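Please open the model in your viewer and colour it by secondary structure. The tour below proceeds by selection, with a short account of what is found at each stop.

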Amino acid sequence: MKYTYIPRGVCSRQINLEINDGIIESCEFIGGCAGNTQGICALVKGMDAEEAVKRLKGIDCRGRGTSCPDQLSKALVEALKLI
């Protein structure tokens with residue numbers, strides 16, 4: 001299943017995901033810090049989506065109350081609701 005999420009409170013403008021059988025097949029951030037977002041996606045590729053949520057949820061960026069990893073966790077939670 002492909003899913004697109006619009007993050008809030010961060011520099012990235014969009015997160016594109018593909019999840020099959022609860023496993024993250026692909027992840028792409030549009031905007032944001034390119035090296036960091038590419039690194040996040042490389043790390044979560046092939047990971048169980050629920051495990052990724054546990055690891056990424058609540059990470060803060062400079063006192064914003066959220067971050068690109070935290071927004072990815074929110075995107076994964078929303079996507080998993082549709083499965």
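Begin with the largest nonpolar core, which comprises 22 residues. Select Leu17, Cys27, Phe29, Val44, Leu72 and Leu76, the members with the most contacts inside this core. Two or more residues come from each of β1, β2, β3, α1 (34–44), α2 (49–56) and α3. The greatest contribution is that of α3, with 5 residues. This is a predicted model. As a general background, nonpolar side chains in soluble globular proteins tend to be buried together.

Keep Val44 selected and display its surroundings. Apart from neighbours within four places in sequence, Val44 is in contact with Ile24, Cys27, Ala52, Leu56 and Leu72.

Next, select β1 and show its side chains. Which of them are buried, and which are not? Tyr3 and Tyr5 point to one face and are buried, while Lys2 and Thr4 point to the other face and are not buried.

Add β2 to the selection. β1 and β2 run antiparallel and are joined by 4 bridges. Within β2, Leu17 stands opposite Tyr3; Leu17 is also one of the core residues selected at the outset. The hairpin of these strands has 6 residues between them, and Gly9 there takes a positive phi near 80°.

Now select Pro7, in the loop between β1 (2–5) and β2 (12–20). Is Pro7 buried or exposed? Its relative accessible area is 9%, under the 20% limit, so Pro7 counts as buried. Beyond its neighbours within four places in sequence, Pro7 is in contact with Ser12, Arg13, Gln14, Ile15 and Gln71. A C-alpha to C-alpha distance drawn from Pro7 to Glu78 reads 12 Å, although these residues are 71 apart in sequence.

Extend the view to β3 (residues 23–31). β2 and β3 pair in the antiparallel sense over 8 bridges. Ser12, already met as a contact of Pro7, has Gly31 in β3 as its bridge partner. In the hairpin of β2 and β3, with 2 residues between the strands, Asp21 takes a positive phi near 55°.

Finish at helix α3 (residues 68–82) by selecting Ser73, which lies in this helix. Ser73 is buried, because its relative accessible area is 2%. Not counting residues up to four places away in sequence, Ser73 touches Val53, Leu56 and Lys57. Of these, Leu56 will be familiar as a contact of Val44.

Note on methods
Residues numbered from 1 in each chain as written. Predicted model: local features only at pLDDT ≥ 70, side-chain atom pairs only at ≥ 80, totals over all residues. Heavy atoms only, no water. Buried < 20%, exposed > 50% of the residue type's maximum accessible area, 1.4 Å probe, protein only. Contact = heavy atoms within 4.5 Å. Pairing = 2+ DSSP bridges. Core = buried A, V, L, I, M, F, W, Y, C linked by side-chain atoms within 4.5 Å.
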